[in-house]
Each structure stands twice: as structure tokens, then as C-alpha cells.
Amino acid sequence: LGCPVFTKDGTTNSLDGTPVFSSDDQRELRGIPGINPPIHYHSLVVQSGPASQGYRVARHREFVIFRALAVVPELLVAYRRE
């Protein structure tokens with residue numbers, strides 16, 4: 001996942017409250033603070049939890065990678081919950 005940014009609501013960083021996207025179209029993650037030259041976060045991890053605490057995902061964490069070239073599918077694991 002490289003250097004991920006964590007969020008519970010899909011729009012703000014869980015650690016410091018800053019926006020996770022660099023623009024309103026939400027096509028690219030914002031830059032990592034304090035890095036020169038500027039580098040954008042590599043992935044978005046949406047944490048799960050109760051909606052009463054501001055979480056938008058209730059059951060499972062979501063891992064989002066915005067650049068197709070950054071994904072190399074080598075293994076697929078599937079399971080069925082019983």
C-alpha cells in the first residue's frame with residue numbers, strides 16, 4: 001500500500017483532520033506533508049466502526065488505490081463466511 005492515508009469518513013485524515021484529496025474531483029490523494037519534493041499518498045485506507053462515531057464503513061476496512069499501474073495482482077484469496 002506504500003504510504004497510506006487513513007480516514008473514517010472518506011474525506012478527512014483520521015490523524016490530523018486535513019482533507020485526504022488534493023482537489024474537489026477526488027481523483028488524486030493529497031501530498032504527504034513535510035516531503036520535498038512533493039509526493040502524494042499512495043493509497044487510502046477507510047477504517048470501519050460505528051456510524052455514531054463518524055465512520056462511514058460499518059463492517060470491513062476498505063483499501064483504495066487510485067493508480068492502476070501501482071497494482072500488481074499476483075494472488076487472489078476468496079473465502080465464504082459461514
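**View 1. Pro-19 sits in the loop between β1 (4–7) and β2 (43–46).** The model shown here and in the views that follow is predicted. Relative accessibility of Pro-19 is 43%, so the residue counts as partly exposed. Leaving out residues up to four places away in sequence, Pro-19 touches Thr-11, Thr-12 and Arg-30. Phe-66 lies 47 residues from Pro-19 along the chain. The C-alpha atoms of Pro-19 and Phe-66 are 16 Å apart.

**View 2. Asn-13 is a buried residue of the loop between β1 and β2.** Its relative accessible area is 7%. Buried means under 20%, so Asn-13 falls in that class. The side chain of Asn-13 makes a polar contact with the side chain of Asp-16, at 3.4 Å. Beyond its neighbours within four places in sequence, Asn-13 is in contact with Val-5, Phe-6, Thr-18, Val-20 and Tyr-41. Val-5 and Phe-6 in this list belong to β1, where Val-5 points to one face and Phe-6 to the other.

**View 3. Thr-7 in strand β1 is buried.** The relative accessibility of Thr-7 is 0%, so this residue counts as buried. Two polar contacts of the Thr-7 side chain go to backbone atoms. One reaches the backbone nitrogen of Gly-10 at 3.0 Å. The other reaches the backbone oxygen of Thr-12 at 2.7 Å. Thr-12 is also among the residues in contact with Thr-7 once neighbours within four places are set aside. The rest of that list is Ser-14, Val-20, Leu-44, Val-45, Val-46 and Gln-47. Leu-44, Val-45 and Val-46 are buried residues of β2.

**View 4. Side chains alternate along β1.** Val-5 and Thr-7 point to one face and are buried. Pro-4 and Phe-6 point to the other face and are not buried. Which residue of β2 stands opposite Val-5? The residue is Leu-44. β1 and β2 run parallel and are joined by 4 bridges.

**View 5. Strand β2 is covered on both faces.** Ser-43 and Val-45 lie on one side, Leu-44 and Val-46 on the other. All of these residues are buried. How do β2 and β3 (residues 62–64) run, parallel or antiparallel? They run antiparallel, with 3 bridges between them. Leu-44 takes part in the pairing with β3, where its bridge partner is Val-64. Leu-44 also stands opposite Val-5. β2 is thus joined by bridges to β1 and to β3.

**View 6. Glu-62 lies in strand β3.** Glu-62 has a relative accessible area of 40%, so the residue is partly exposed. Not counting residues up to four places away in sequence, Glu-62 touches Leu-44, Val-45, Val-46 and Val-57. Leu-44, Val-45 and Val-46 are buried in β2. Arg-30, a residue touched by Pro-19, is 32 residues from Glu-62 along the chain. The C-alpha atoms of Glu-62 and Arg-30 are separated by 18 Å.

**View 7. The whole chain gives the setting for the close-ups: 0 helices and 3 strands.** The pattern along the sequence is β-β-β. The C-alpha trace spans about 50 × 40 × 20 Å along its principal axes. The chain has 82 residues, of which 17% count as buried. Asn-13 and Thr-7 are buried, whereas Pro-19 and Glu-62 are partly exposed. Consider contacts between residues at least 6 apart in sequence: 35% of them join residues at least 24 apart. The accessible surface comes to about 6600 Å². Carbon and sulfur atoms account for 54% of that surface. The chain carries 9 positive and 8 negative charges, and their mean positions are 6 Å apart.

Definitions and conventions: Residues numbered from 1 in each chain as written. Predicted model: local features only at pLDDT ≥ 70, side-chain atom pairs only at ≥ 80, totals over all residues. Heavy atoms only, no water. Helix = DSSP H or I, 4+ residues; strand = E, 2+ residues; numbered from the N terminus. Buried < 20%, exposed > 50% of the residue type's maximum accessible area, 1.4 Å probe, protein only. Contact = heavy atoms within 4.5 Å. Pairing = 2+ DSSP bridges. Areas by Shrake-Rupley, 256 points an atom, 1.4 Å probe, with all protein chains shown as cover. Lys, Arg positive; Asp, Glu negative; His and termini not counted. Charge placed at Lys NZ, Arg CZ, Asp CG, Glu CD. Polar contact = N/O pair within 3.5 Å; in protein donor to acceptor, adjacent residues only side chain to side chain.
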